[in-house]
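Visitor: Could we take a close look at just one helix today? I'd like to see how it sits against its surroundings.
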Amino acid sequence: MSTTGTSSFVVVANRLPVDRVVTPGGETTWRRSPGGLVTALAPVMRAYDGAWVGWTGSPDDAPEPFSTADMDLRAVPLSAEEITLYYEGFSNATLWPLYHDVIVPPEYHREWWDAYRQVNERFAAAAAEVADENAVVFVQDYQLQLVPQILRSMRPDLKIGFFLHIPFPPQELFAQLPWRRQILEGLLGADLIGFQRDGAVGNFESLAELFTGASAVGDTLVTDDGRSVRARAFPISIQVDEVARLAEDPEVQARAATIREEVGSPRHIMLGVDRLDYTKGIGHRLKAFGELLRDREVTPEDAVFLQVATPSRERVEAYQTLRDEVELQVGRINGDYGRIGTPAVHYLYSSYERAELVALLRAADVMVVTPLRDGMNLVAKEYVTARTDLRGALVLSEFAGAADEMGTGAFLVNPHDIDGLRRTMMAAMRVDDAEAEQRMKLLRDHVISHDIDRWAHDFLAALRAV
Ligand code: GDG
């Protein structure tokens with residue numbers, strides 16, 4: 001922070017980009033979390049005395065503003081009750097399912113909404129305090145959709161950008177939300193609103209016209225109080241360097257070879273890596289794989305399925321139910337088709353170091369990414385980046401944002417079509433080396449030239465230009 005205690009570039013996100021580490025002596029320090037977003041924004045943070053406003057991840061935690069890794073950090077406290085109502089409730093049991101095609105029914109509770117509004121006000125007030133005169137403020141994601149409007153009312157001098165990491169639904173679904181107008185008006189407080197896909201931009205623009213006084217004039221929206229707001233797609237990406245470096249590391253490659261042996265050296269390793277979330281289509285891909293085994297199109301010697309499911313939102317009921325369903329399914333498949341020492345599905349409910357994850361990507365002949373709906377899906381981009389050897393095949397759902405950019409090199413699939421999924425998984429297993437290499441080259445060229453640094457640069461350049 002500058003001597004005035006304010007910054008000319010401020011990021012506002014639900015979580016701070018650091019994790020608390022308590023030393024053996026009982027002292028608290030902070031370690032930068034491994035996320036791509038913080039890495040991409042770090043150079044901007046350094047250049048502009050940047051600050052990051054967010055929650056530490058623990059209840060009632062309000063350390064004094066502190067600095068770490070070239071950033072000033074400003075913690076916004078959340079009580080245990082607010083975590084239940086604002087975070088697990090409105091963010092993850094109302095907005096998350098509503099924005100992902102109501103795969104599970106969203107719950108609408110007025111107490112959750114009240115908490116969401118109050119917490120958004122607190123984040124906006126914290127941002128207003130740390131932002132310099134005419135600063136650029138970059139607000140992240142669905143937990144904070146009211147922040148742009150609240151912040152603008154407090155600080156009309158600021159330039160405000162917002163980026164939504166998840167899909168933005170069409171009218172048929174969004175109209176369910178009892179607070180639809182407030183959310184749209186909240187977002188319209190920004191100067192620039194970024195989405196993952198063009199489709200989401202279209203959804204937002206028509207909803208803003210329908211439920212607020214905004215009207216589209218050319219490629220901008222003009223609000224009822226006469227402000228111009230731009231909505232545009234900025235497909236997010238990954239830290240290509242980090243993944244490529246790990247993929248070329250001899251230790252990682254040796255580990256990939258060991259993984260292949262440990263799963264019994266099958267002809268084909270199929271891999272899924274996801275947070276255990278009902279949007280990711282884990283059940284659909286397991287069903288397709290189970291049927292391939294049942295109909296003897298593959299045997300456990302031919303093909304194993306490795307599914308890494310990272311624990312997520314374990315206190316939200318739908319996630320507990322999902323875990324039971326997936327684990328029942330894995331148990332059934334292994335019970336029916338596995339043999340001693342040769343299970344058909346290797347299921348890992350755990351999170352891993354980056355190096356281990358990249359070793360898994362290097363070991364996988366077929367990467368299976370089958371979300372029913374996904375803003376982007378970074379795992380698909382990480383897979384192709386890790387394949388510096390130009391081997392392997394990507395099965396990718398049409399409903400992932402990544403399909404817009406990766407449609408030509410990937411094996412695209414509708415995950416609801418189980419026969420189609422079976423056929424596509426078989427096609428990806430059987431692809432010949434020449435075609436696989438050609439496809440992988442297309443995929444890699446795109447991701448390498450569109451990494452997360454380019455995303456951050458494009459967004460911030462567009463924001464400064466409005
Ligand atoms: C949201 C949107 C959008 C996974 N397991 C481990 C681990 N991961 C890493 C992956 C990847 C990231 O987490 C997951 O990103 P995704 O994009 O696949 O999915 P969401 O978490 O749902 O992310 C999504 C994204 O935001 C960005 O805008 O693409 O659509 O839903 O990087 O590799 N990382 C480590 N251990 C694990 O066990 N270290």
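Which strands does α13 lie across, and at what angle does it run to β17?

Guide: Happy to. Bear in mind that this is a predicted model, where local features need pLDDT of at least 70, side-chain atom pairs count only at pLDDT 80 or more, and totals for chains, interfaces and linings use all residues. Residues are numbered from 1 along each chain as its sequence is written.

So, α13: this helix lies across β13, β16 (366-369) and β17, at about 165° to β17 (contact: C-beta atoms, placed from the backbone, within 7 Å; axes fitted to C-alpha atoms, for helices over the stretch in contact, with angles from 0 to 180 degrees between N-to-C directions; helices are DSSP runs of H or I, at least four residues, and strands of E, at least two, numbered from the N terminus).

Those three strands belong to an open, parallel six-stranded sheet, ordered β15-β14-β13-β16-β17-β18 (a pair needs at least two DSSP bridges). β15 (345-349) and β18 (411-413) are the edge strands with a single partner each, so one side of each has no neighbour in the sheet. From strand to strand, the twist averages 20°. β17 (residues 393-397) runs parallel to β18, joined by three bridges, and Leu 396 sits opposite Leu 412 in β18.

Now the ligand. It is surrounded by 18 residues, with Leu 378 and His 165 among the closest (near: C-beta, placed from the backbone, within 6 Å). α13 (378-386) is one of the elements supplying at least two of them, along with β13 (268-275) and α12 (354-363), and α13 contributes the most, three residues.

Definitions and conventions: Two residues are in contact if their C-beta atoms, placed from the backbone, lie within 7 Å.
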